Amino acid sequence: MDTSNESTDIYDVDYDYNRTFQTNCSYPLPYYYSFRYRLIGTVFQTIIFTSGCLGNIMVITIVSRCRTMRTPTNCYLTSLAVADIMVLVASVPLNIASYYVVSEQWLLPDITCSLVIYLQYLGINCSTLSLVAFTVERYIAICHPMKAHKMCTLHRAKRIILVTWLIAIVYCTPWFTTVGMRSINYRHFSIKKCDFLYNRDVYFRFYFTDLVVFYIFPLLLTCVLYGLIMRTLMRRSGGIGRCVRKNSVKAEIQSRMQVVKMLALVVALFAILWLPYRGLVVYNSLASIAINPILYNAMSTKFRNEFRKLLVCGGSEDTARHNLGSSRCHTASNISRTHVKVTDLEL
């Protein structure tokens, strides 16, 4: 027997060696991740966790501290940020820790197995419902401005957020009874694994329902609504410009196109970044969570200004109100009641 096999690093043990070893004894061979896998996984997930948590905490801080940012749309974005933080906290630290122990070993108390899985799916589904909610709110505000005065209010937004969270809480409760702990015995030790309790066919129904209810349907709905929003904005391309000062016409058109680009980008990111999870159950939600605050900062002037103030000096609410107030164009009061100003469409 070649002695070189005895000095093989346990982290890089070959799968053929695994199978050979397992056929000669009644115990499976514990598998450890290679050093390269640990390093790459730790670096990428640390970046995702840090940027995602900090970015979403900043979103919550900005909306809660600045009165001018407390709009219905930003309330939905706050709900989305809370759900995203929940997914990050329930997923990433455990994933990183799992790289340095036996593969699939559960490191927390047994009772946390179903709770962690529940929180992960709760956060993911609440993120989707929040996205749908603020898409509908934007559609009403832009395409039906007369109805928006009654329907798109801060109080109504808070009630809708509460309902979406209650729906997700109830919907995800089966995870408390469908996952649990089981033991895996090795030659000299045993570990506990958080695993499915029933046949795969049972979980296929769960995943297929999630795919339809929390991916396909929201994607189709947001595509249709954003298409209608873009059509409405393009039709009104001249209406608002004629009602404001001539020197602001160009700025209004550019702002309108910026909104259209952002809406299209939101749909594209939702479709691309959530597809891997729904289809293959991988990193989709984590990447989407980390990107959301970056998207707000890149595409929204208001959020970009507030992010800058929060990072530099903590962001005074009075200063924010003064800056935002001085940047608005003065329009007639009757125009503001019948048309949606582009500045109001900014997040």
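These legends go with a set of close-up views of a predicted model.

**View 1. The β1–β2 hairpin.** Here we zoom in on two strands, β1 (residues 179–185) and β2 (residues 190–196). They run antiparallel, with 7 bridges joining them, and a hairpin of 4 residues takes the chain from β1 to β2. For a handy landmark, look for Arg182, which stands opposite Lys193 in β2. Both of these residues turn up again in the next view, as members of a salt-bridge network.

**View 2. A salt-bridge network around Asp195.** Glu104, Arg182, Lys193 and Asp195 are linked in this network. Start with Asp195 and Arg182, whose side chains meet at 2.6 Å, N to O. Asp195 sits in strand β2 and Arg182 in strand β1, so this salt bridge ties together parts that are 13 residues apart in sequence. Asp195 also makes a salt bridge with Lys193, this one at 3.7 Å, N to O. How exposed or buried are the partners? Asp195 is buried, at a relative accessible area of 16%, and Lys193 is buried too. Arg182, on the other hand, is partly exposed at 38%.

**View 3. The salt bridge between Asp110 and Lys192.** The structure holds 4 salt bridges, and this close-up shows the one where the side chains of Asp110 and Lys192 meet at 3.0 Å, N to O. Asp110 comes from the loop between α3 (72–98) and α4 (112–143), while Lys192 belongs to strand β2, so the pair ties together parts that are 82 residues apart in sequence. Both ends get some exposure: Asp110 is partly exposed, with a relative accessible area of 37%, and Lys192 is partly exposed as well, at 39%.

**View 4. The disulfide between Cys113 and Cys194.** There is 1 disulfide in the structure, and here it is, joining Cys113 to Cys194 with an S to S distance of 1.9 Å. The torsion about the S-S bond is about 75°, so the disulfide is right-handed. It links distant parts of the chain, with Cys113 in helix α4 and Cys194 in strand β2, 81 residues apart. Both cysteines are buried.

**View 5. Two more buried cysteines.** This view picks out Cys75 and Cys143. Cys75 counts as buried, at 12% relative accessibility. Cys143 is buried too, with a relative accessible area of 16%.

**View 6. Helix α6 and its two sides.** Helix α6 (residues 154–171) has 18 residues and reaches 26 Å from its first C-alpha to its last, close to the 26 Å expected at 1.5 Å a residue. Which residues of α6 are buried? They are Ala157, Ile161, Thr164, Trp165 and Ala168. Seen down the helix axis, these buried residues fall within an arc of 95°, so they line one face of α6. That spacing makes sense, because an α-helix has 3.6 residues a turn and residues three or four places apart point the same way. Over on the other side of α6, His155, Leu162 and Val170 are exposed.

**View 7. What lies over the buried face of α6.** For this last close-up, keep an eye on Trp165 and Ile161, two of the buried residues of α6. What covers the buried residues of α6? The cover includes α3 and α4. Helix α4 is familiar from the disulfide view, where Cys113 sits in that helix.

Notes:
Residues numbered from 1 in each chain as written. Predicted model: local features only at pLDDT ≥ 70, side-chain atom pairs only at ≥ 80, totals over all residues. Heavy atoms only, no water. Buried < 20%, exposed > 50% of the residue type's maximum accessible area, 1.4 Å probe, protein only. Disulfide = S-S within 2.5 Å. Pairing = 2+ DSSP bridges. Expected span 1.5 Å × (residues − 1). Arc of directions from axis to C-beta. Contact = heavy atoms within 4.5 Å.
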